[in-house]
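This report describes side-chain pairings, backbone angles and solvent exposure in one protein chain. The sequence and the structure are shown first, and the description follows.

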Amino acid sequence: STLAVTLFPYTTLFRSETKYELGWLLFRDKSGSRIAEAVQHLKAAIDGGVEVPQARLYYGLALLGLNRFSEATAEFTAFCKQTPAGVQTMLQYADRSLRTEQPDAARVFLNVVLAVDPEARERYPQLAEMLRRVGL
């Protein structure tokens with residue numbers, strides 16, 4: 001019983017890691033029909049304390065896939081605060097969204113960039129054109 005008490009925090013972490021991995025797999029399902037399930041598992045992983053910054057990224061992307069824009073924005077913002085590459089990742093997704101004619105998604109990514117990095121307009125020369133294209 002002492003061993004069980006000692007291992008309890010680790011078993012919770014393992015469950016969170018497993019939830020993250022399952023959520024990621026569901027998110028990556030080629031049919032695109034398992035996004036809602038991915039959201040549930042990724043949220044459980046985050047709530048369980050998973051320490052993988054990409055969990056918030058994939059959770060945000062899954063939320064975006066369900067048109068839950070404000071929730072996605074919150075997750076992308078948290079992701080950017082967890083990792084130095086976050087803003088660059090948002091710019092890459094915004095660029096991809098614009099190239100695939102998804103202006104609503106691009107707008108979400110760009111709003112996150114502006115919120116997280118107040119100097120983004122000066123720091124990233126390509127940003128002005130991207131903002132113009134989505135009406136920001």
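A residue counts as exposed when its relative accessible area is over 50%, as buried when that area is under 20%, and as partly exposed in between. The model discussed here is predicted. With a relative accessible area of 55%, Asp47 is therefore exposed.

**Salt bridges**

Side chains of opposite charge can pair when their charged atoms come close. The structure holds 9 salt bridges. One of them joins the exposed Asp47 to Lys43, which counts as partly exposed at 38% relative accessibility. Both residues belong to helix α2 (residues 35-47), where they stand 4 residues apart, about one turn of the helix.

A second example is found in helix α8 (residues 127-134), which contains both Glu129 and Arg132, 3 residues apart and again about one turn of the helix. Glu129 is partly exposed, its relative accessible area being 39%, whereas Arg132 counts as exposed at 55%. Salt bridges that share partners also join Asp117, Glu119 and Arg123 into one network. Within this network, Arg123 forms a salt bridge with Glu119. Both of these residues are partly exposed: Arg123 has a relative accessibility of 43%, and Glu119 has a relative accessible area of 48%.

The N to O distances of these three salt bridges are listed below.

| Residue | Partner | N to O distance |
|---|---|---|
| Asp47 | Lys43 | 2.8 Å |
| Arg123 | Glu119 | 3.3 Å |
| Glu129 | Arg132 | 2.5 Å |

**Aromatic pairs**

The structure holds 4 aromatic pairs. Among them, Trp24 and Tyr58 form an edge-to-face pair, with 6.4 Å from centre to centre and 75° between the planes. This pair links distant parts of the chain, since Trp24 lies in helix α1 (residues 2-27) and Tyr58 in helix α3 (residues 53-65), 34 residues apart. Trp24 is partly exposed, with a relative accessible area of 30%, while Tyr58 counts as buried at 15% relative accessibility.

Another pair, Tyr93 with Phe109, is stacked, with 5.5 Å from centre to centre and 25° between the planes. It also links distant parts of the chain: Tyr93 is in helix α5 and Phe109 in helix α6 (residues 103-116), 16 residues apart. Phe109 is buried, because its relative accessible area is 2%. In addition, ring pairs link Trp24, Phe27 and Tyr58 into a cluster.

**A buried threonine in helix α5**

Helix α5 (residues 86-99) also contains Thr89. This residue is buried, as its relative accessible area is 14%. Leaving aside residues up to four places away in sequence, Thr89 touches Leu57 and Phe79.

**Positive phi angles in two loops**

Most residues other than glycine have a negative phi. Asn67 has a positive value, with phi near 60°. Its location is the loop between α3 and α4 (69-82), and Asn67 is exposed, with a relative accessible area of 54%. Glu101 likewise has a positive phi, near 55°. Glu101 is placed in the loop between α5 and α6 and is exposed, with a relative accessible area of 72%.

Conventions
Residues numbered from 1 in each chain as written. Predicted model: local features only at pLDDT ≥ 70, side-chain atom pairs only at ≥ 80, totals over all residues. Heavy atoms only, no water. Buried < 20%, exposed > 50% of the residue type's maximum accessible area, 1.4 Å probe, protein only. Contact = heavy atoms within 4.5 Å. Phe/Tyr/Trp six-rings, centres within 6.5 Å; stacked < 30°, edge-to-face > 60°. Salt bridge = Lys/Arg side-chain N within 4 Å of Asp/Glu carboxyl O.
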